[in-house]
Amino acid sequence: MNDWAPIAKEYDPLKAGSIDGTDEEPHDRAIWRAMLARYVPNKGVTGDPHLTLFVARLNLQTTEEKIKEVFSRYGDIRKIRLVRDLVTGFSKGYAFIEYKEERALLKAHRDANRLVIDQHEIFVDFELERTLKGWIPRRLGGGFGGKKESGQLRFGGRDRPFRKPINLPNMKNDFYGEGSAEKRNWSREGTRDWRTRDRDHERSRDKRWPERERSWTWGESERERDSKEERSRGRERKDRDRKDRDRDRSRERDTKKQRDDDKHR
């Protein structure tokens, strides 16, 4: 616990896949891919990595001019690189910003995170590819963070720091004989007491069994009686409805007959 920190000081794919950095086995295939990967940072990338910010979750319509307009308020910018697709030329939604001074870098890192640009809440962090030892990018199963709760989440970064692990005390389990020798050396007298208690329990269970059978039988008879009463009530209700309908029909016939007699008169 003394060397625990919410932010990883060295990248380990296995720890990054754990919510508290204590996992011992990979739980998804992406972690296996990251552990087996031999990633070498791109040598074509120029600039000072210690003065470079990583900006992600950008709107795909956001341009370099917009990024410069927003981030230039924190200090003088030396270079902006908006990563684009090589085939289509469309933005991939993340960029790298190199400042001239460390003071501007720290200010942008502190204030620009979760800033809304073009209706998108952005994420800002230091560049990790050339500054964090053992770094594996997300396309190889590594990286930090993640937006989908049910997807590939990685911990130990600014977006999703490690949670402090819960250290439970090492409790010995007497079930496997890990307790004291006094507990393991049971006496014969104690064994006889257990056997006697078991026999008494069996006898009491045999006594309780007929009572349970009687209670079940009584419950069944009660249910049958209730169902019979319900059926009889249903029949009585039907008989009353039939009688009411017959009475109404007879009244209608009498009324019609009376009308016919009045007409003939």
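Reader: Which residues of helix α3 (residues 64-71) are buried?
Author: In this predicted model, local features need pLDDT of at least 70 and side-chain atom pairs count only at pLDDT 80 or more, while totals for chains, interfaces and linings use all residues. Residues are numbered from 1 along each chain as its sequence is written, and side-chain values use heavy atoms, leaving out hydrogens and water. Taking buried as under 20% relative accessible area and exposed as over 50%, with partly exposed in between (1.4 Å probe, protein chains only), the buried residues of α3 are I67, V70 and F71.

Reader: Why do the buried residues of α3 lie on the same side of the helix, and how wide is the arc that they cover?
Author: An α-helix has 3.6 residues a turn, so residues three or four places apart point the same way. In α3 the buried residues are I67, V70 and F71. They share one side of α3 because the arc that they cover around the axis, taken from the directions from the helix axis to the C-beta atoms, is only 85°.

Reader: Which exposed residues does α3 carry on the face turned away from its buried side?
Author: On the buried side of α3 sit I67, V70 and F71, and the elements covering them include β1, β2, β3, α4 (102-111), β4 (116-117) and β6, where contact means heavy atoms within 4.5 Å. Turning to the opposite face of α3, the exposed residues found there are E65 and E69.

Reader: Within what arc do the buried residues of α4 fall?
Author: The buried residues of α4 are A104, L105, A108 and H109. Seen down the axis of α4, these residues line one face of the helix, because they fall within an arc of 135°.

Reader: Against which elements do the buried residues of α4 pack?
Author: The two sides of α4 can be taken in turn. E102, R103 and R110 are exposed on the side away from the buried residues. The buried residues of α4, on the other hand, pack against β1, α3, β3 and β6.

Reader: How many of the five residues of strand β1 (residues 52-56) are buried?
Author: Strand β1 is among the elements that cover the buried residues of α3, and the buried residues of α4 pack against β1 as well. The strand is largely enclosed by the rest of the structure, because the number of its five residues that are buried is four.

Reader: Which residue of β6 stands opposite V55?
Author: Two strands count as a pair if DSSP finds at least two bridges between them. Strand β1 runs antiparallel to strand β3 (residues 91-99), joined by four bridges, and in this pairing T52 stands opposite E98 of β3. Strand β1 also pairs with strand β6 (residues 123-126), again in the antiparallel sense and over four bridges. In β6, the residue that stands opposite V55 is V124.

Reader: In what order do the helices and strands of the protein chain run from the N terminus on?
Author: Helices (H or I, at least four residues) and strands (E, at least two) are DSSP runs, numbered from the N terminus. By that assignment the protein chain has six helices and six strands. Followed from the N terminus on, the elements run α-α-β-α-β-β-α-β-β-β-α-α.

Reader: Among contacts in the protein chain between residues at least 6 apart in sequence, what share joins residues at least 24 apart?
Author: For the chain as a whole, buried residues make up 27% of the 265 residues. Among the contacts between residues at least 6 apart in sequence, the share that joins residues at least 24 apart is 61%.
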